[in-house]
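Ready for a few short exercises? Have a look at the chain below, then work through each task before reading its solution.

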Amino acid sequence: MLDRDLTVDRFRAEVRRWIGDHLPEGWRHPVLPPVTPPGRQDPVRVEHSRGWQAILHEARLAAPGWPEEHGGRSLDLARRLALAEELALARAPAPIGFQGIDILGPTLIAHGDDEQRARFLPGIVSGEEIWCQGYSEPGAGSDLAALRTTAVRDSGKYVVNGQKVWTSFGDRATWCFLLARTGAPDSRHRGISFFVVAMDTPGIEWRPLTEISGGVDFGELFLDDVAIPESQRIGPEGAGWKLAMASLHHERLLASNVAHLKVRLDAVLDLVREAGARPADRDRAAKLVARFRGLEGIQSRALALALADDPGFATFASLLKLAGTELRCALADLAVDLIGPAAAAATSLTGDEGRSTAAVWAHEAVQARGAVIYAGSSEIQRNILAERGLGLPKDA
């Protein structure tokens, strides 16, 4: 039984056994575990992600940290990390509704009202309703407080106008959680509110953007006189910044994902051994091992602070996101260098050719670049660490 009262080691062993019994062999990803579900270019794997979330949900493992009354297991961070590591080692599909589970769900549990939790949490955890995020905007990607999308109160509803960008998987989302300005144009973070809206609401249009990898995983979201009932505002008016920052802490931990980095590091070390790498490449690999060990230490510290309810946890979430995503890029770069021209020639992740080591690492090399931008770019994380962690003066 996957009981939260088990020791962490015993819990990990039970998780490993459970995954072996329930994960179809053909659903395991080649070479590397996925950090997020696939986009429209790989419909078979999309269905694997849907199916795997359903299996996890049945075992109450889709949202293991959620309270039991909401479909979770109330697991502490240590056991959630053990579960994440075992899923990564098994190269299991990413749940189709990961944004709802990892980012929105904890925000609703902490700040939503009873009706909102009852309405939205069951569909999030089951995967029946898929969510996308409407935070970033053209000209306000990293400076989220500069967003210009407006929400004007009008007879029991808000009328929303504006544009969002980098809205991941908006083509398959049924709902969106977004930020809009309910205060004066210059109110910055004090005038932002948090809303949820159905993607089929009149006035909403999602337009795809093609990535350098050839995938279409995100796009632009246009809102033209979109009516959102007051009941779909989460938290008080003007509290959106606080809610968004809480959700971003969750997203930053997700972006770093130490468990996935461990599997990537092991795969790179296998390439080093197989390729009979040059001394310079072996030296690069050794330095990456050292960086990963440091990252484990950061994660342990973040875990201790989170368990102690220490507000310093937020700073360590930024540090973990910064170090983890930049290490992911460095690992991919070394792998591509070791593979050589075959990686440069790999263009697709579909079919048998897309399951080759060269194709997987070529795709990873471009996907990793996105990770240093989403959930707050590396530059933003460095500013947070300088100002909040080290107490340095803010930019003029």
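**Exercise 1.** How much area does the protein chain expose, and what percentage of it do carbon and sulfur atoms supply?

*Solution.* Keep in mind that this is a predicted model. The exposed area of the protein chain comes to about 17600 Å². Carbon and sulfur atoms supply 53% of that area.

**Exercise 2.** Describe the overall build of the protein chain, from secondary structure to compactness.

*Solution.* Start with the elements: the chain has twelve helices and eight strands. Next, take the radius of gyration, which is 21 Å; the globule rule gives 21 Å for 396 residues, so the chain is as compact as a globular protein of that length. Along the principal axes, the C-alpha trace spans about 70 × 50 × 45 Å. Then turn to burial: 54% of the 396 residues are buried. Finally, consider contacts between residues at least 6 apart in sequence: 72% of them join residues at least 24 apart.

**Exercise 3.** How far apart are the mean positions of the positive and negative charges of the protein chain?

*Solution.* Count the charges: 45 are positive and 52 are negative. Their mean positions lie 4 Å apart.

**Exercise 4.** Is T315 buried or exposed? Place it in the chain as well.

*Solution.* First locate T315: it sits in helix α9, which covers residues 313-339. Its relative accessible area is 18%. Buried means under 20%, so T315 is buried. Leaving out residues up to four places away in sequence, T315 touches L385, R388 and G389. As for R172, T315 is 143 residues from it in sequence and 33 Å from it in space, C-alpha to C-alpha.

Key. Residues numbered from 1 in each chain as written. Predicted model: local features only at pLDDT ≥ 70, side-chain atom pairs only at ≥ 80, totals over all residues. Heavy atoms only, no water. Helix = DSSP H or I, 4+ residues; strand = E, 2+ residues; numbered from the N terminus. Rg over C-alpha atoms; globule rule 2.2 N^0.38 Å. Buried < 20%, exposed > 50% of the residue type's maximum accessible area, 1.4 Å probe, protein only. Contact = heavy atoms within 4.5 Å. Areas by Shrake-Rupley, 256 points an atom, 1.4 Å probe, with all protein chains shown as cover. Lys, Arg positive; Asp, Glu negative; His and termini not counted. Charge placed at Lys NZ, Arg CZ, Asp CG, Glu CD.
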